[in-house]
Amino acid sequence: MYAATHRGLATALLAGPDGLSPEEICCTDMLLGVLDVLVVRASSAGALQAGATTKDLMVLANAVAVATENDPASASRLLRLALAGIRPSVETEAQTCRATVPGSQA
């Protein structure tokens, strides 16, 4: 995972341009350009929630990176959780409801 393997990147990004070298700024622009294309493709394919933006994804990735900078395992877990969503799937939720209703089949 990029964020987990580039420790210190989150701190540098929070510091703004003064905390980044010209090479890092150029890399950020390139990353954003590629991510823009991927967001458009994913949105068109229905693989990304309608209205999600490149900025949303960057903020999410940076938030996970800042929160877990010294813990790559937690970074991976939180990113998987964010991608899957924190709510159970409709099927799991229905099974839970059936299991708690007397006389229903689980």
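Biologist: What makes the span of helix α5 close to the expected one?

Modeller: In this predicted model, helix α5 covers residues 72-84 and has 13 residues. The expected span is 1.5 Å times one less than the number of residues, and α5 reaches 18 Å from its first C-alpha to its last, against 18 Å expected. Just after α5, G85 takes a positive phi of about 95 degrees.

Biologist: How do you know which stretches are helices?

Modeller: Helices are DSSP runs of H or I with at least four residues, strands are runs of E with at least two, and both are numbered from the N terminus. By that rule the protein has six helices and zero strands.

Biologist: On what conventions do the values rest?

Modeller: Residues are numbered from 1 along each chain as its sequence is written, and side-chain values use heavy atoms, with hydrogens and water left out. As the model is predicted, local features need pLDDT of at least 70 and side-chain atom pairs count only at pLDDT 80 or more, whereas totals for chains, interfaces and linings use all residues.

Biologist: Why is T68, in the loop between α4 and α5, called buried?

Modeller: Buried means under 20% relative accessible area, exposed over 50%, and partly exposed in between (1.4 Å probe, protein chains only). T68 has 7% relative accessibility and therefore counts as buried. Of the 106 residues of the protein, 14% count as buried.

Biologist: What does T68 contact beyond its neighbours within four places in sequence?

Modeller: Contact means heavy atoms within 4.5 Å; with those neighbours left aside, T68 is in contact with S74, A75 and L78. In addition, the side chain of T68 reaches the backbone oxygen of V64 at 2.5 Å.

Biologist: Why does V34, in helix α3 (residues 22-44), count as partly exposed?

Modeller: The relative accessibility of V34 is 46%, so V34 counts as partly exposed.

Conventions
Polar contact = N/O pair within 3.5 Å; in protein donor to acceptor, adjacent residues only side chain to side chain.
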